[in-house]
Amino acid sequence: MESSETECPIEETSVTLRIFEPGLLPEDVTQNLGITPDRTHRQGDFPKGNPKYSAYKHGMWSLKSRIPADKSLEDHLDSIITLLEPKQSYIQSLATHASVDFYWLPYGQSGFQLSPRILKRIAELGATFGVVLYS
């Protein structure tokens, strides 16, 4: 993918696709997508398998972008969306009852822009795009 004039300089970035809802069975998502996730848990599981922590209130399936951290935000989004587009109808059906989002933590960045093309592809999946800002 060519870089555009609107891209901000990148220090380090990563994007994670997250699918979660109460009762979600991560193994069903894995089977339907044919993609091995990076993290999963079921509703009622304990973080780190330790009951001293509160149990998860939802099931979750997540996939982290697998390209180098110095690539642009759009490159990270593109890499995951390209994997998902062949299963677009499945993702859309999940999005009617589950939360499906692209989660981004900007490391050392003060701003960003997304092209209409990538926003359209996210919307066509029925997903949202979230940014977590820490000061």
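The exercises below, each with a worked solution, concern a predicted model.

**Exercise 1. The sheet and its strands**

Determine the order of the strands in the open sheet, and state which strands form its edges.

Solution. Begin with the overall arrangement: the open sheet has five strands in the order β2-β3-β1-β4-β5, and the pairing is mixed. The edge strands are then β2 (39–41) and β5, each of which pairs on one side only. As for the geometry, neighbouring strands of this sheet are turned against each other by 20° on average, with direction ignored.

The next step is to take the pairings one by one. β1 and β3 pair in the antiparallel sense over six bridges, and within this part of the sheet Arg18 stands opposite Ser62 in β3. β1 and β4 also pair in the antiparallel sense, over six bridges, with Val15 standing opposite Trp104 in β4. β4 and β5, by contrast, pair in the parallel sense over four bridges, and here the bridge partner of Tyr103 is Gly130 in β5.

**Exercise 2. The surroundings of β1**

Decide whether β1 is largely enclosed or open to the outside, and identify the helix that lies across it.

Solution. Consider burial at the level of residues, where the cut-off for a buried residue is under 20% relative accessible area. Five of the seven residues of β1 are buried, so the strand is largely enclosed by the rest of the structure. Turning to the helix, α1 (residues 26–33) lies across β1 (15–21), β2 and β3 (59–64), and runs at about 40° to β3.

**Exercise 3. An aromatic pair between two strands**

Classify the pair formed by the rings of Trp104 and Phe129 as stacked, tilted or edge-to-face, and place both residues in the fold.

Solution. A pair of aromatic rings is described by the distance of the centres and the angle of the planes. The structure holds three aromatic pairs. In the pair of Trp104 and Phe129 the ring centres are 6.3 Å apart and the planes lie at 25°; since planes under 30 degrees apart count as stacked, this pair is stacked.

For the placement, Trp104 belongs to strand β4 (residues 99–104) and Phe129 to strand β5 (residues 128–131), so the pair ties together parts that are 25 residues apart in sequence. The two residues can then be assigned by accessibility: Trp104 is buried, with a relative accessible area of 1%, whereas Phe129 is partly exposed at 23%. Finally, the pair should be seen in its wider setting, where Trp104, Phe112 and Phe129 form one aromatic cluster.

**Exercise 4. Arg121 and its partners**

Find the location of Arg121, establish whether this residue is buried or exposed, and list its contacts beyond its neighbours within four places in sequence.

Solution. Arg121 is found in helix α4 (residues 116–125), and its relative accessible area of 11% makes it buried. With neighbours within four places in sequence left aside, Arg121 is in contact with Asp78, Ile81, Thr82 and Glu85. Two polar contacts can be specified through side chains: one of 2.5 Å with Asp78 and one of 3.2 Å with Thr82.

The last step follows the charged groups, where Asp78, Glu85, Arg117 and Arg121 are linked in a network of salt bridges. Within it, the side chains of Asp78 and Arg117 meet at 4.0 Å, N to O, and this pair links helix α2 with helix α4, the two residues being 39 residues apart. Asp78 is partly exposed, with a relative accessible area of 21%, and Arg117 is likewise partly exposed, at 40%.

**Exercise 5. Salt bridges that involve loops**

How many salt bridges does a search of the whole structure find? Describe the pair of Arg42 and Glu27 and the pair of Arg66 and Asp38.

Solution. The search finds seven salt bridges. In one of them Arg42 joins Glu27, with the closest N and O atoms 2.1 Å apart. Arg42 lies in the loop between β2 and β3 and Glu27 in helix α1, so that parts of the chain 15 residues apart are linked. Arg42 counts as partly exposed at 38% relative accessibility, and Glu27 counts as partly exposed at 38%.

For Arg66 and Asp38, the side chains meet in a salt bridge of 3.6 Å, N to O. Arg66 is placed in the loop between β3 and α2 (73–84), Asp38 in the loop between α1 and β2, and the two are 28 residues apart. Asp38 is partly exposed, with a relative accessible area of 41%.

Methods:
Residues are numbered from 1 along each chain as its sequence is written. This is a predicted model: local features need pLDDT of at least 70, side-chain atom pairs count only at pLDDT 80 or more; totals for chains, interfaces and linings use all residues. Side-chain values use heavy atoms; hydrogens and water are left out. Rings of Phe, Tyr and Trp (its six-membered ring) pair if their centres lie within 6.5 Å; planes under 30 degrees apart count as stacked, over 60 as edge-to-face and the rest as tilted. Buried means under 20% relative accessible area, exposed over 50%, partly exposed in between (1.4 Å probe, protein chains only). Two strands pair if DSSP finds at least two bridges between them. Axes are lines fitted to C-alpha atoms, for helices over the stretch in contact, and angles run from 0 to 180 degrees between N-to-C directions. Contact means heavy atoms within 4.5 Å. A polar contact is a pair of N or O atoms within 3.5 Å; within protein, one must be able to donate a hydrogen and the other to accept it, and residues adjacent in sequence count only if both atoms are side-chain atoms.
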